[in-house]
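Colleague: Could you walk me through the ligand site and the voids of this model, and tell me what stands behind each label you use?

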Amino acid sequence: MSDELSFLMEAHDALSATIAERCGFRGLWASGLSIASSLGYRDANEASWSEMVDAVERMAETVQVPILVDGDSGFGNFNNARLVAAKMCQRGAAGICLEDKWFPKMNSFVGDHHPLAEIGEFCGRLRAVKDTVGDSDFVLVARVEALIAGHGQEEALKRAHAYAESGADAILIHSRLSTADEILAFAQLWQNRLPLIIVPTKYYRTPVSVYRTAGISTVIWANHAMRAAVAAMRQVCGRILSEEGIAGIEGDIASLDEVFGLLRYDELAAAEKRYLSSGLGGA
Ligand code: SPV
Ligand code: MG
């Protein structure tokens, strides 16, 4: 991780990953919320870990940029966490983020019941992952949910230090406030012991210059491709229904050529030239 502020763009499948990469993002967040939503599941561990692995694999096969996977709370205890991390690593992810909650977890913005894992037990999950994938460049991010759960800065700080001791490569501090006050206060106390990652979904008004000044390492735009798709699909479905036709919306949607370009149909055409009629015994 560099000293500069970097950005991870949410992706939930190979198409959204490709679009984010083509737009210039240099890293992706494989969002649990967005992958679950795209599969028609709630972000409460309804999707199995193998479904998550399969989704991430298709993304990693399709793009070159690194993908940080949202590993939720690790799908169980230390054993499940290390299994999931190893699979994500094998299938091409660059790292995994584990949050200090129970299994099953609930999305941090849903309801007020967010029981935290016991610190020592969660540290065991982190150590198990590190011992399993620690020899590779695979990044382990520990996500602190103490502010989400309403436990305050002292608890958040205590947990972040414990997770650093247990081998985390970075800390993600999450907040559900509509201002950045809470995470900025945390950043000041944290003193950059490890790189700090934030997810400004709720405090979206804060300009990123504030995060640069605060020494934040990485900002995750966590669900915006999925939400953009929801809004666009709702709009186009509504218009086709009410207009009883597609003439009106043609100019407002991606052309087929754009889709073919994104998925590199030109590469297939070139490969056909090379491999289909070699002249060496072909019909
Ligand atoms: C996700 O994108 O799934 C996250 C971030 O974990 S949040 O939904 O903000 O908890
Ligand atoms: Mg998540």
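Modeller: Happy to; bear in mind that this is a predicted model. Ligand 1 is surrounded by W29, S31, G32, L33, D70, N107, S108, F109, R143, H174 and A222.

Colleague: What makes a residue part of that shell around ligand 1?

Modeller: A heavy atom within 4 Å of the molecule is enough, so W29 and A222, both in the shell, each meet that cut-off. By class, the shell has four nonpolar, five polar and two charged residues.

Colleague: Why is the pair formed by G32 and ligand 1 called a polar contact?

Modeller: A backbone N or O atom of G32 lies 3.2 Å from an oxygen atom of ligand 1. The limit for such a pair is 3.5 Å, so this one qualifies.

Colleague: What about L33 and H174, which polar atoms do they bring to ligand 1?

Modeller: L33 uses a polar backbone atom, 2.8 Å from an oxygen atom of the ligand. H174 brings a polar side-chain atom, 3.0 Å from an oxygen atom of ligand 1. Both values fall within 3.5 Å, so both pairs are polar contacts too. As for cover, ligand 1 taken alone exposes 280 Å², and the protein buries 100% of that.

Colleague: Where does ligand 1 sit, in terms of voids?

Modeller: The space it takes is the largest cavity, which has a volume of about 160 Å³. Among the 18 residues lining this cavity, L33, D70, N107, R143 and A222 are the closest to its centre. The lining has six nonpolar, seven polar and five charged residues.

Colleague: Why is that space called a cavity and not a pocket?

Modeller: The grid is laid over the protein atoms alone, and a cavity is a set of points where a 1.4 Å probe fits but cannot get out. The space taken by ligand 1 carries the cavity label, so the probe has no way out of it.

Colleague: How many cavities of 30 Å³ or more are there?

Modeller: Two. The second largest has a volume of about 40 Å³, and its lining includes G32, R42, D43, E46 and D72. That lining divides into five nonpolar, two polar and four charged residues.

Colleague: And what makes the largest pocket a pocket?

Modeller: A pocket is an open set of points with protein on both sides within 12 Å along at least five of seven lines, so this label tells you the space is open. The largest pocket has a volume of about 860 Å³. Of its 29 lining residues, L15, I19, A229, A232 and M233 are the closest to the centre. The largest share, 10 residues, comes from α9, while β1, α1, α2 and α10 each supply at least two. The lining divides into 19 nonpolar, five polar and five charged residues.

Colleague: Which peptide bond is cis?

Modeller: The one joining F103 and P104, with omega at about -5°. P104 is found in the loop between β4 and α5. Most peptide bonds are trans, so a cis one is worth pointing out.

Colleague: What is notable about the phi of Q191?

Modeller: Phi of Q191 is near 55°, a positive value in a residue other than glycine. Most residues other than glycine have a negative phi. Q191 is found in the loop between α7 and β7.

Note on methods
Residues are numbered from 1 along each chain as its sequence is written. Chains are lettered from A and ligands numbered from 1 in the order in which they are written. This is a predicted model: local features need pLDDT of at least 70, side-chain atom pairs count only at pLDDT 80 or more; totals for chains, interfaces and linings use all residues. Side-chain values use heavy atoms; hydrogens and water are left out. A polar contact is a pair of N or O atoms within 3.5 Å; within protein, one must be able to donate a hydrogen and the other to accept it, and residues adjacent in sequence count only if both atoms are side-chain atoms. Accessible areas come from the Shrake-Rupley method with a 1.4 Å probe; for residues, only the protein chains shown count as cover. On a 1 Å grid over the protein atoms alone, a cavity is a set of points where a 1.4 Å probe fits but cannot get out, and a pocket is an open set with protein on both sides within 12 Å along at least five of seven lines; lining residues have an atom within 4 Å of a point. A molecule sits in a cavity or pocket if more than half of its atoms lie within 2 Å of its grid points. Ala, Val, Leu, Ile, Met, Phe, Trp, Tyr, Cys and Pro count as nonpolar, Asp, Glu, Lys and Arg as charged, and the others, Gly among them, as polar. Grid points are joined across faces, edges and corners, and a volume is the space filled by probe spheres set on the points. Helices (H or I, at least four residues) and strands (E, at least two) are DSSP runs, numbered from the N terminus.
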